[in-house]
Amino acid sequence: MTVPFLDLKAQYRELKDEFDAAYARVMDSGLYLLGEEVEAFEAEFALYCQVKHCIGVGNGLDALHLILRSSGISSGDEVIVPSNTYIATWLAVTYSGATPVSVEPDERTFNIAPSCIERAITERTKAIIPVHLYGQPADMDSINEIAVRYGLKVFEDAAQAHGAKYKGQRVGGLGDAAGFSFYPGKNLGAFGDGGAVTTNDNVLADKIRILRNYGSRIKYHNEVKGFNSRLDELQAAMLRVKLTKLDAWNERRKLVASRYLDHLQSDTHLILPYVPLWADPVWHLFVIQSPYRNELYQLLSEADIGSMFHYPIPPHLQDAYAASASTPGKFPVAEQMSQYVLSLPIGPHLEKQQQQLVLNTLNGYIALG
C-alpha cells in the first residue's frame, strides 16, 4: 500500500462533473480575467469568512504584500512576524520596503507567542502579522490587545487556515485584513496559483483592487503604480466548486487528526500537536515533533508513506536573509522546531487503511524504543 502525503487527484475524481462544468462555463464565456467568476467567488468567500470584502489576487504572497502596500507601510517601517513560518510571510514585508522583525513561537502551538511580541515593538513598528500556522489560529485576542495598546495594524496570514475558527469566528476577519493562498495543496486550493485578501475596511479593499490591476480601476487610467496580480476566471470557477465542499473536507481532515491524536503513542520521543480550547483548527498539516525526526522520515519512506518537513530552514537562516546578520542560536525555539518537525499524511481523501499503516509504522518504531 502506498500512502501519498496528499492526494490531489482524488479531489478531482470526487468532483469531476462539477469541475468539468466549471471549465466549460469559463471557456464558453470568452472572459478569462476579472469577470463574473471572480466576482462571484469574491462574494461567496467573503460571506464564508464573515467579512465585507474579498479581493482575488495572484497568490498568497501578493495578498500579504498588497495589504502592506495599501496600508502605507514602506521603507523605514518594521513589521513583527513569526520566526517559525514559511518565508512568504517575511518576503511580503520585504517587498513593501519594510523590515521583518522576528518573534519566537509558542512551543506548544507553533504560532507566534503573544508574550514575546511586546518587547519587539519599537517606534518604527507599524503592524503585526500572526500566521495561523498548519491550520490552527493564533491567539488573536492577546495579539489584538497589544496592537490596540500600541496603535498597530494586525494582518492575518491565513494561507493555511481556510475555515479555521478562533472562539467561534472564522479566520480572515480577526484583524484589519487577511491574506489567503489558494496554492493547490491548501485546504481550499486552486489548480494553479491564486490568492485573496479579506477585510472589513472599505478603503483598504478599494486600494487593493486598484493595486492588483496595474493601479487602475478604469482601463488605461492608472491612478498609482500598481501590479499585475489577478485571480483568473478559471481558477475562480474551480475554487467556487471546492468552496461548497470546504467544510465537509475540513471535517474529514479533523477525523484523521483525531485518529492520530487518539492512537499515536506520544512520549518524550514523539510530541503530538497541542490544540488550545479556543481553537478550532482545520488541520492543513498534522505536525509531530521528535529528536529522531530524520529516522522517522526514513522509516515512513521505506514503508511508502509520504511525509514532509515544514520547515527545515527558518527564514532568518535562509540565504535570502543573510544580510540581516542573523546567526544560528538567535531564535532557538524556531531552530529546534526546524530540526524536530515532521508532517504526516493528512487530507480529506486519506483512507482508513492508509491511516492505520501510518499508525502501525510509527507506533512500531516507538515500541522498539
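A disulfide is a pair of cysteine sulfur atoms within 2.5 Å, and this cut-off is needed for the exercise that opens the set. The model is a predicted one.

**Exercise 1. Cysteines**

Determine how many disulfides a search of the whole structure finds, and examine Cys49 and Cys54 as candidates.

Solution. Step 1: the search of the whole structure returns 0 disulfides. Step 2: for Cys49, the nearest cysteine sulfur is that of Cys54, at 7.0 Å, and a disulfide would require the two sulfur atoms to be within 2.5 Å. Step 3: taken from the other side, Cys54 is likewise in no disulfide, its nearest cysteine sulfur being that of Cys49. Step 4: with a relative accessible area of 2%, Cys49 is buried, and Cys54, at 3% relative accessibility, also counts as buried.

**Exercise 2. Strand β1 and its partner**

Describe how the residues of strand β1 (residues 53-57) are oriented, and find the strand to which β1 is joined.

Solution. Step 1: in a regular strand the side chains alternate between the two faces of the sheet. Step 2: in β1, His53, Ile55 and Val57 point one way, whereas Cys54 and Gly56 point the other way. Step 3: 5 of the 5 residues of β1 are buried, and the strand is mostly covered. Step 4: β1 runs antiparallel to strand β9 (residues 195-199), to which 5 bridges join it; one bridge sets Val57 against Gly195 in β9.

**Exercise 3. Strand β14**

Carry out a like analysis for strand β14 (residues 341-344), and state the sense in which β13 and β14 pair.

Solution. Step 1: Val341 and Ser343 point one way from β14, Leu342 and Leu344 point the other way, and all are buried. Step 2: strand β13 (residues 286-289) pairs with β14 in the antiparallel sense, over 4 bridges. Step 3: within this pairing, the residue that stands opposite Ser343 is Val287.

**Exercise 4. Aromatic rings**

Classify the ring pairs Phe45–Tyr48 and Tyr86–Tyr311, and place each pair in the chain.

Solution. Step 1: a pair of aromatic rings is described by the distance of the centres and the angle of the planes. Step 2: the count comes to 14 aromatic pairs. Step 3: Phe45 and Tyr48 have 6.1 Å centre to centre and 15° between the planes, and the pair is stacked, since planes under 30 degrees apart count as such. Both residues lie in helix α3 (residues 36-49), 3 residues apart, about one turn of the helix, and both are buried. Step 4: for Tyr86 and Tyr311 the centres are 5.5 Å apart and the planes stand at 35°, so the pair is tilted. Tyr86 lies in the loop between β2 (78-82) and α5 (88-95), and Tyr311 in the loop between α11 (293-302) and α12 (332-340), so the pair ties together parts that are 225 residues apart in sequence. Tyr86 is partly exposed at 47%, while Tyr311 counts as buried at 16%. Step 5: Phe45 and Tyr48 also belong to one aromatic cluster with Phe41, Phe180 and Phe182, and Arg170 lies over the face of Tyr48, at 3.9 Å from the ring centre.

**Exercise 5. The largest nonpolar core**

Identify the residues with the most contacts inside the largest nonpolar core, and the element that gives the largest share of this core.

Solution. Step 1: the largest nonpolar core has 43 residues, and those with the most contacts inside it are Phe41, Phe45, Ile80, Ile117 and Phe182. Step 2: the elements giving two or more residues include α3, β3 (99-103) and α9 (233-243). Step 3: the largest share, 6 residues, comes from α3. Step 4: leaving aside neighbours within four places in sequence, Phe182 is in contact with residues including Phe41, Phe45, His162 and Leu239.

**Exercise 6. Backbone exceptions**

Find what is unusual in the backbone at Tyr311, Tyr134 and Trp283.

Solution. Step 1: most residues other than glycine have a negative phi, and most peptide bonds are trans. Step 2: the peptide bond from His310 to Tyr311 is cis, with omega near 10°. Step 3: Tyr134, in the loop between β4 (125-128) and α7, has a positive phi, near 65°, and is buried at 5%. Step 4: Trp283, in the loop between β12 (279-280) and β13, has a positive phi of about 55° and is buried at 8%.

Note on methods:
Residues numbered from 1 in each chain as written. Predicted model: local features only at pLDDT ≥ 70, side-chain atom pairs only at ≥ 80, totals over all residues. Heavy atoms only, no water. Buried < 20%, exposed > 50% of the residue type's maximum accessible area, 1.4 Å probe, protein only. Phe/Tyr/Trp six-rings, centres within 6.5 Å; stacked < 30°, edge-to-face > 60°. Lys NZ or Arg CZ within 6 Å of the ring centre and 35° of its normal. Pairing = 2+ DSSP bridges. Core = buried A, V, L, I, M, F, W, Y, C linked by side-chain atoms within 4.5 Å. Contact = heavy atoms within 4.5 Å.
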